[in-house]
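Let us walk through this model together, beginning at its metal site and working outwards. Please keep the viewer open as you read.

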Amino acid sequence: MLTGAVIGDEGQVIELEWRDGARARFHAMWLRDNALDDKTRSAGNGQRLITILDIPADTRIGSAMVKAGALEVGFVPEGKTVTFPAAWLRDHAYDRAETRQPGWTGETVQRWTKATMQDRVPRASLAAASRDRSVLRQWLAAVRAYGFAVMDGVPAESGALCKVSDLFGYIRETNYGRWFEVRAEVNPSNLAYTNLGLQAHTDNPYRDPVPTLQILSCIENTVDGGESSVVDGFAVAAALQAENPEGFGLLSSYAARFEYAGSSGVRLQAKRPMIELGPDGELICIRFNNRSLAPAVDVPFAEMGKYYAAYRRFAELIEDPAFEVTFKLEAGQAFIVDNTRVMHARKAFSGSGKRWLQGCYADKDGLLSTLAAIEHEFKEAAE
Ligand code: FE2
């Protein structure tokens, strides 16, 4: 509930106060651009109908009134009156004192370690997630919060992993195909089907953009060992930052190079940091893959020694069992990882038997969009 509105700075700014004492300032230009009337935004799809150039550069607030808890603003020189609901203004307030440290993440992201996650790996069955929107919502929300989740009850047959991506979006096809085989045998005829362990990594850092989600499904797994493990790259990055802020700064401010040219007709290259921050310091992406890291040529000579020390320490922390959550993927199970955040690894395996997994990529924006749409549905149903 709005209780007061005071125009300041010759109409360029307005300061609002709510009943609970909260205050926030808004600029006249910001309010005009974000006006909610049907001449500014389409009533049908919510998209903006005007450009910034349609708004006079000397836009000011000529009048302001709190009416039935909402704010009515008169803009000059247009002579246009627009009403803003109090709750909308509160939700969109940008006049905050908070200072964000580099490496911050939004409130939907929750970092985890072995201690906090090993016994509560998020999971759902494909049948329940397909049938029940609240189960799907929980599972998708776990991917958003923790960057991974397991799915049970996936048919143990080729291509069944598409049923998982169908729950929220679309497969991202690459040069590896719509999906790819991760098939390994204990005594392989081809060295590609090795039974060696794989260091925790993110997939395909040589793409730009990287695949943001990966799904791995298990069709057969009768070997000894071969467990899957996941590591929260955001938790590891925070640990590195806490003990070595300078190293964190180096890995986030200089680009690494990644390359893949392992098959003919493909020469993928990307130039991006191992720890990527957004312009406001938000931690947005981890890229870590020893197999496709190319020579670093963007780090100044004077910094390269420290850069490599930071890379080594980052790798040591990633290997630290305290960060590792392990599970054995059985036939009929799949897991999804947010490839911009959570690293995955495979333990070595032995004995007789086969390990046959399939993998595919999908897009996180689609998953988050589906989740937001379900949350919106639930909210509307509750109102
Ligand atoms: Fe991988």
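The iron ion is held by three side chains at 2.2 Å: His201 through NE2, Asp203 through OD and His344 through NE2. Donors here are N, O and S atoms within 2.8 Å of the metal (3.2 Å for Na, K and Ca), and since water is not among the atoms, sites may look incomplete. Along the chain, the donors follow the spacing H-x1-D-x140-H. Asp203 sits in the loop between strand S11 (198-201) and strand S12 (213-221), while His344 belongs to strand S22 (residues 342-346), so this pair ties together parts that are 141 residues apart in sequence. The strand labels come from DSSP runs numbered from the N terminus, with helices being H or I runs of at least four residues and strands E runs of at least two.

Before going further, a word on how to read the values. This is a predicted model, in which local features need pLDDT of at least 70 and side-chain atom pairs count only at pLDDT 80 or more, while totals for chains, interfaces and linings use all residues. Residues are numbered from 1 along each chain as its sequence is written, and side-chain values use heavy atoms, with hydrogens and water left out.

Are the ligands Asp203 and His344 buried or exposed? Asp203 has 9% relative accessibility and counts as buried, and His344 is buried too, with a relative accessible area of 7%. The word buried means under 20% relative accessible area, exposed means over 50%, and partly exposed lies in between (1.4 Å probe, protein chains only).

Strand S22 deserves a closer look. Five of its five residues are buried. Val342, His344 and Arg346 point one way from S22, and Met343 and Ala345 point the other way. S22 runs antiparallel to S11, to which two bridges join it, and His201 has His344 as its bridge partner there. Two of the iron ligands, His201 and His344, are thus found in the list of donors and also as bridge partners. S22 is also joined by five bridges to strand S14 (residues 228-232), again antiparallel, where Ser228 is the bridge partner of Arg346. Strands are said to pair if DSSP finds at least two bridges between them.

Now turn to the start of the chain. Strand S1 (residues 2-8) and strand S2 (residues 13-18) run antiparallel and are joined by six bridges, with Ile7 standing opposite Ile14. Four residues lie between the strands of this hairpin. Among them, Asp9 has a positive phi near 50° though it is not glycine, and Glu10, in the loop between S1 and S2, has a positive phi near 55°. Asp9 counts as exposed at 51% relative accessibility, and Glu10 counts as exposed at 72%.

Two cis peptide bonds are worth finding as well. One joins Val76 and Pro77, with omega about 5°, and Pro77 lies in the loop between strand S5 (70-76) and strand S6 (80-84). Another joins Asp208 and Pro209, also with omega about 5°, and Pro209 is in the loop between S11 and S12.

Finally, step back to the whole chain. The protein has 10 helices and 24 strands, and 46% of its 383 residues count as buried. Its C-alpha trace spans about 80 × 60 × 45 Å along the principal axes.
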